[in-house]
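Open the model in your viewer and show it as a cartoon. We will go from the whole chain down to single residues.

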Amino acid sequence: MANHKSALKRNRQSLVRRERNRMNRSKVKTAIKKVDAAITEGDSVEKAREALVAAVPVIERAAVKGAFHKKAASRKVSRLTRRVNTFARSKESAA
């Protein structure tokens, strides 16, 4: 355990940041799950696109706040977009 005043403060700050990062990562996971759910339900492309449009700012915000690296966030957005587009193409070809 820290004994110096500055080390005690550092410990408090790291606990607050850890909690904030966990919260932001959780929001990202939830947003991704909503996109996945919209795709697996398979009823409408619009729902999947709406979920994607809602998820992108959440992911980007988490990257800006430092919960994810900016390239990791970009990769997540790219993969989600690719999945939604593939889903949309499969629905169009089936119709």
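A residue counts as buried here when its relative accessible area is under 20%, and as exposed when that area is over 50%. This is a predicted model. Of its 95 residues, 26% count as buried.

**The whole protein.** Start with everything selected. You should find three helices and zero strands. The radius of gyration is 18 Å, well over the 12 Å that the globule rule gives for 95 residues, so the protein is more spread out than a compact globule. Turn the C-alpha trace along its principal axes: the spans are about 70 × 20 × 15 Å.

**The surface.** Switch on the surface next. The accessible area comes to about 7,000 Å², and carbon and sulfur atoms hold 52% of it. Now colour by charge. There are 26 positive and 8 negative side chains. The centres of those two sets lie 16 Å apart.

**Helix α3.** Select residues 70–94. This is α3, with 25 residues. From first C-alpha to last it reaches 36 Å, close to the 36 Å expected at 1.5 Å a residue. Which residues of α3 are buried? Show A72, A73, V77, L80, V84, F87 and A88 as sticks: these are the ones. An α-helix has 3.6 residues a turn, so residues three or four places apart point the same way. Now add α1 (5–41) and α2 (45–64), which are among what covers the buried residues of α3.

**T30.** Last, pick T30 in helix α1. T30 is partly exposed, with a relative accessible area of 38%. Add V58, which is 28 residues from T30 in sequence. Their C-alpha atoms are 9.7 Å apart in space.

Conventions: Residues numbered from 1 in each chain as written. Predicted model: local features only at pLDDT ≥ 70, side-chain atom pairs only at ≥ 80, totals over all residues. Heavy atoms only, no water. Helix = DSSP H or I, 4+ residues; strand = E, 2+ residues; numbered from the N terminus. Expected span 1.5 Å × (residues − 1). Buried < 20%, exposed > 50% of the residue type's maximum accessible area, 1.4 Å probe, protein only. Contact = heavy atoms within 4.5 Å. Rg over C-alpha atoms; globule rule 2.2 N^0.38 Å. Areas by Shrake-Rupley, 256 points an atom, 1.4 Å probe, with all protein chains shown as cover. Lys, Arg positive; Asp, Glu negative; His and termini not counted. Charge placed at Lys NZ, Arg CZ, Asp CG, Glu CD.
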